[in-house]
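The following exercises concern a two-chain structure and are each followed by a worked solution. Please attempt each task before reading its solution.

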Amino acid sequence: MKFIRQVLLAISIAGMVAGVLRRRTKGVVAPQQGGWREVTPQR
Amino acid sequence: MTSAPTSSIGIVGHGIVGSRTALTLQTLGHSVKVASLRTATELFDCSVVVLAHGAPHAALASTFIAQGISVVSTGDNLEDVMSMLDSQERAEARNAVIVAGASCSPGMSGLLVSHMRRAFESIDEVHTAVHGTGGPMCARQHHDSLAGLSVGWHDGEWLQRPAGSGRELCWFPDPVGARDCYRFASPEPVLMQRVEPGLQRITARVSATRRDRLTARLPMLRRPHAEGLEGALRVEVRGVRNGRRHVEIVGIANKVGSISGVVAAHTALAVATGVVPAGVHNLGQAVLPNADILDGAVNSGITLHQFVGTDQ
């Protein structure tokens, strides 16, 4: 019984840590500046 | 591009790259003889042969060189290309040319570095990334290249790292966009170092999915597609311009098989004109008419894109 409680505690702590990490990284967005422009090789 | 003399150009391989090479040459009005790997000796009457079959190429290249026939190899297998680079003396003795790695990466990447080099006073870093595959043999090579050892040039030393490591998000021209790219067993750094011996850092990466990396050390789980749907190449050059650090990024979004075929075709035409001295070379080196080959590739439908960023 004690082992099961420890496992459940470990899983719940891991879940909380994962949740915090997911929330913290949600604000990151891909770079929106710059882009590709067609070019012709110049001699 | 200057017209080739009357001698014909041969192609070994009927796959995607071979057929694109033949199509490019025929569109430009040149005669082409195509043979399979088994019937490659039928091309002994050609002056230049494009090897567009799966690796290895080194043994067949030696056979053609022994006959005095110049070879353009589209192979991108690291060991195979290293073997071809060892053929310098034999090629010179037979007055023949070997151009190793004349495809997309390596190949077009060397042409782009040669072109971008002119925008700098000096360059010290080149980082390439490629997305997509040509035909089935190219897909197998992509699969295998994620399982071996990658080589990289770092501050004057060759570094070996496990292929599939070193994730980096690389942006390719649309419609490909951003892809996770990893180190892979590619001859690109070795060939790029021959293009610009003064470079301090050279890396080569390839886009891959989690499944690609997970299954890299296993046999391919299913047969590869007949041709990769989309492809792209990105070359980043860093150096000094006007006394300040400067970065230029040029990319191409096109099927890898098409890029490889066009590059191989125009390289073969350049070799056929006789302007390339005997020996083993790779695209981007000063002894090759890189500007002519790049112009030819652009005229054959390859569009170049430059990344224009902001300081934010």
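Two strands are said to pair if DSSP finds at least two bridges between them. Helices (H or I, at least four residues) and strands (E, at least two) are DSSP runs, numbered from the N terminus. This is a predicted model, in which local features need pLDDT of at least 70 and side-chain atom pairs count only at pLDDT 80 or more, while totals for chains, interfaces and linings use all residues. Residues are numbered from 1 along each chain as its sequence is written, chains are lettered from A and ligands numbered from 1 in the order in which they are written, and side-chain values use heavy atoms, with hydrogens and water left out.

**Exercise 1. Strand 11 of chain B**

Identify the strands that pair with strand 11 of chain B, and give the sense of each pairing.

Solution. Step one: strand 6 (residues 122–131) of chain B runs parallel to strand 11, joined by six bridges. Within chain B, Ala129(B) stands opposite Arg205(B) of strand 11.

Step two: strand 7 (residues 149–154) of chain B is antiparallel to strand 11, with two bridges. Here Trp153(B) has Ile202(B) as its bridge partner.

Step three: strand 10 (residues 177–183) of chain B is also antiparallel to strand 11, over three bridges. In this pairing Cys181(B) is matched with Ser207(B).

Step four: consider burial, where buried means under 20% relative accessible area, exposed over 50%, and partly exposed in between (1.4 Å probe, protein chains only). Strand 11 (residues 201–207) of chain B is largely enclosed by the rest of the structure, because five of its seven residues are buried.

**Exercise 2. The interface of chains A and B**

Describe the interface between chain B and chain A by its contacts, its buried area and its polar interactions.

Solution. Step one: with contact taken as heavy atoms within 4.5 Å, 24 residues of chain B touch 12 residues of chain A.

Step two: buried area is the accessible area (1.4 Å probe) that two parts lose on being put together, summed over both. For chain B and chain A this is about 1,600 Å², and carbon and sulfur atoms give 59% of it.

Step three: a salt bridge is a side-chain nitrogen of Lys or Arg within 4 Å of a carboxyl oxygen of Asp or Glu. By this rule, zero salt bridges are found across the interface of chain B and chain A.

Step four: on the side of chain B that touches chain A, strand 9 (168–172), strand 13 (244–253), helix 10 (290–299) and strand 15 (304–308) of chain B each supply at least two residues.

Step five: strand 1 (residues 35–39) of chain A pairs with strand 15 of chain B in the antiparallel sense, over five bridges. Gly35(A) has Val308(B) as its bridge partner.

**Exercise 3. Backbone geometry in loops of chain B**

Which peptide bonds before Pro56(B) and Pro175(B) are cis, and where do these prolines lie?

Solution. Step one: the bond from Ala55(B) to Pro56(B) is cis, with omega near 5 degrees. Pro56(B) sits in the loop between strand 3 (48–51) and helix 2 (58–66) of chain B.

Step two: the bond from Asp174(B) to Pro175(B) is cis, with omega near 10 degrees. Pro175(B) sits in the loop between strand 9 and strand 10 of chain B.

**Exercise 4. A positive phi**

Is Asn95(B) buried or exposed?

Solution. Step one: Asn95(B) lies in the loop between helix 4 (88–93) and strand 5 (97–100) of chain B. Its phi is near 55 degrees, a positive value in a residue other than glycine.

Step two: Asn95(B) counts as exposed, because its relative accessibility is 62%.

Definitions and conventions: Polar contact = N/O pair within 3.5 Å; in protein donor to acceptor, adjacent residues only side chain to side chain.
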